[in-house]
Amino acid sequence: MVKLSSAGAVTFGGTAATSYTVNSATSITATTPARAAGAVNVAVTTPGGTATATNAYTYIAPGMVRFVINNSDDGAYVFTSPTLALNFTVNTSGGTGSSPTISLAPGNYSLAFATPTGTGVSDASCAPATSAVNTSAQTASLVIATTVTTVCTINALPSRRVTVEALGAALDAQSRLILANAPTLARRIDRLNGGGGSGDSASAFGKTFASNLPFAADIGADTARFSMSLSGLRKLGNTDHTFAGANDNGVPASLSASVTPASGLAATAAADAASSMSSRSGPRFDIWVEGVIARFDAAANSDGNFAIVHAGADYLVTPNLLLGIGIQGDWLDMDTPTGTLESSGFLAGPYLTARLAPNLYVDARAAWGGASFDVSPFGTYTDQVDSDRELYSAALIGEFSFGGDLTIRPEARVSWYKETTDAYIDSLSVAIPSVEIKTGEVTLGPDFVWTLTRADGGVFSPRIGFDLVWTFQQDNTATAFTNAPGLDDTGIRGRVEAGLSYLNPQGIEVGA
């Protein structure tokens, strides 16, 4: 038996009651922690004397709660709460982790949790649904009922690592594709030689099916190209529209159009390179457009489609100097291992092509611009981020004819490209850092083109080109956040391109 006045503490079997109320001179109500059902006698001292009351109490069973964490990347999730039992850490291993089952008296509880750096919460749920997790605030509200086990599951994603990996792969692919698909050098050198285009042809999978067209087009298994120029339209308009099997230098028009931008080699011979302006009677002003659509494989197990369109205008300042300004638009659609990425960008700037000697040219280009990326790293949400970019390229090109049948075009080109994305906060409230790539390449190699005229008037034109490509710089800051291979590959690689075409006397051309 314990005695108390109107204030004080009551103990039951050594366990303190959380509260008590003196109801009258003969009764008391006490709230006690959960324990076995029973009764206790309490002596109450009142102004009128001492009374004894019996208080009966009932056992209330606790509830339980457990947290489950799912994430493909392992890490530590720290939970904090004013309730001592709700302060714990869950370490995931093999993509999942779980807290111990925690016993709590029935009631309402709150807690917060912190995820590993670079990790966001995609969704969460509790069963029963009377408890809930706020994914954006990273808090939880628990309603614990007696004998009920509440399980809260939190699904997290390594959004920083996966997003940076996708951006790094996209920048890597873009830099290489933009450098490999620069505006075709053939038209500019042809302009210095008094040309500038003629009736072009359309071909698909090595077979030419139309000639004397106002544009050139070529479709392959995974690449399609087209080109058109004002000077070409002018020249075509001045012809009698009969089949044009070869250009002024004896090279078939379809072969001229098929020289890939990656090789950067002239497609027409520099006949009479040192002749006067009067003998090179091409127009001083020209506008032009060309483009490529291609399929590509990229680093970090990514692949996709790429398109680039160049357009520009140039002016023949002197017989040996061509100045112009160009703009490009490019689009990339890439599939990553877990999501997608799309981008659209541009570059704009000046270019020049000049004759240094009868068989030697210099070509240079500078451009600046930017791009916009739609990044969906997991295919569930999409974020947008912008970038800045710049490009510089310069080359020395030779063109030498031997015996009228063979033309050799050696080229040495150095190119440098840089692109930097903005830092931003993604849809999972994760900070995504800026990603930057710097790509530097040197390309060395000659092209050999033979123009062999048969006695019956047919023209057989085999060609082969050898390129040695040295990537001397491939700095990609994405490698600091991901172990994906291929984002910073440098070194030397080789490229061989070969082809042939045959134009019969009836004007039918086939090639491969």
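**Exercise 1. A salt bridge and its network**

Task: Place Asp 286 and Arg 187 in the structure, and decide whether each is buried or exposed.

Solution. Let's begin with accessibility: Asp 286 is buried, and so is Arg 187. Keep in mind as you work that this is a predicted model. Next, look at the contact itself: the two residues form a salt bridge, with 3.0 Å between the closest N and O atoms. That fits inside the 4 Å cut-off for a salt bridge. Now find the elements: Asp 286 belongs to strand 22 and Arg 187 to helix 2 (residues 185-192), so this pair ties together parts that are 99 residues apart in sequence.

**Exercise 2. Two further salt bridges**

Task: Work out how many salt bridges the structure holds, then examine the pair Arg 161 and Glu 165 and the pair Arg 495 and Asp 467.

Solution. The total is 18 salt bridges. A general point helps here: side chains of opposite charge can pair when their charged atoms come close.

Step one is the helical pair. Arg 161 and Glu 165 have their closest N and O atoms 3.8 Å apart. Both sit in helix 1 (residues 159-180), with a spacing of 4 residues, about one turn of the helix. For accessibility, apply the 20% limit for buried residues. Arg 161 has 28% relative accessibility and counts as partly exposed, while Glu 165 has 15% and is buried.

Step two is the strand pair. Between Arg 495 and Asp 467, the closest N and O atoms are 3.2 Å apart. This salt bridge links distant parts of the chain, since Arg 495 is in strand 35 (residues 491-503) and Asp 467 in strand 34, 28 residues apart. Arg 495 is partly exposed at 23% relative accessibility, and Asp 467 is buried at 8%.

Step three returns to the residues of Exercise 1. Arg 187, Arg 191, Asp 286 and Asp 314 are joined into one network by salt bridges that share partners.

**Exercise 3. The disulfide and its strands**

Task: Find which cysteines form a disulfide, and describe how strand 17 pairs with strand 14 and strand 8.

Solution. A search of the whole structure gives 1 disulfide. Cys 126 and Cys 152 form this bond, and their sulfur atoms are 2.1 Å apart. The S-S torsion is about 110°, so the disulfide is right-handed. As for location, Cys 126 lies in strand 14 (residues 120-127) and Cys 152 in strand 17 (residues 149-157), so the bond ties together parts that are 26 residues apart in sequence. Both ends are under cover: Cys 126 is buried with a relative accessible area of 11%, and Cys 152 is buried at 0%.

Now to the pairing. Strands 14 and 17 run antiparallel and are joined by 7 bridges. Ser 125, for example, has Thr 153 in strand 17 as its bridge partner. Strand 8 (residues 63-70) also pairs with strand 17, in the parallel sense and over 7 bridges. There, Arg 66 has Val 151 as its bridge partner.

**Exercise 4. Aromatic geometry**

Task: Classify the ring pairs Trp 288 with Tyr 351 and Phe 378 with Tyr 381.

Solution. The structure has 11 aromatic pairs. For Trp 288 and Tyr 351, the ring centres are 6.3 Å apart and the planes are at 70°, so the pair is edge-to-face. Trp 288 lies in strand 22 (residues 285-298) and Tyr 351 in strand 25 (residues 340-357), 63 residues apart, and the pair links these distant parts of the chain. Both residues are buried.

For Phe 378 and Tyr 381, the centre-to-centre distance is 6.3 Å and the angle between planes is 50°, which makes the pair tilted. Phe 378 and Tyr 381 are buried too. To finish, trace the cluster in which ring pairs link Phe 67, Phe 79, Phe 88 and Phe 113.

**Exercise 5. A nonpolar patch**

Task: Identify which residues make the nonpolar surface patch of about 560 Å², and which strand gives the largest share.

Solution. The patch consists of Val 414, Leu 444, Leu 468, Trp 470, Phe 472 and Ile 492. Strand 34 (residues 459-476) gives the largest share, with 3 residues. Phe 472 is found in strand 34, and its 35% relative accessibility counts as partly exposed.

Conventions
Residues numbered from 1 in each chain as written. Predicted model: local features only at pLDDT ≥ 70, side-chain atom pairs only at ≥ 80, totals over all residues. Heavy atoms only, no water. Disulfide = S-S within 2.5 Å. Helix = DSSP H or I, 4+ residues; strand = E, 2+ residues; numbered from the N terminus. Buried < 20%, exposed > 50% of the residue type's maximum accessible area, 1.4 Å probe, protein only. Pairing = 2+ DSSP bridges. Patch = residues over 30% accessible without salt bridge, like charges linked within 9 Å, V, L, I, M, F, W, Y side chains within 5 Å. Areas by Shrake-Rupley, 256 points an atom, 1.4 Å probe, with all protein chains shown as cover. Salt bridge = Lys/Arg side-chain N within 4 Å of Asp/Glu carboxyl O. Phe/Tyr/Trp six-rings, centres within 6.5 Å; stacked < 30°, edge-to-face > 60°.
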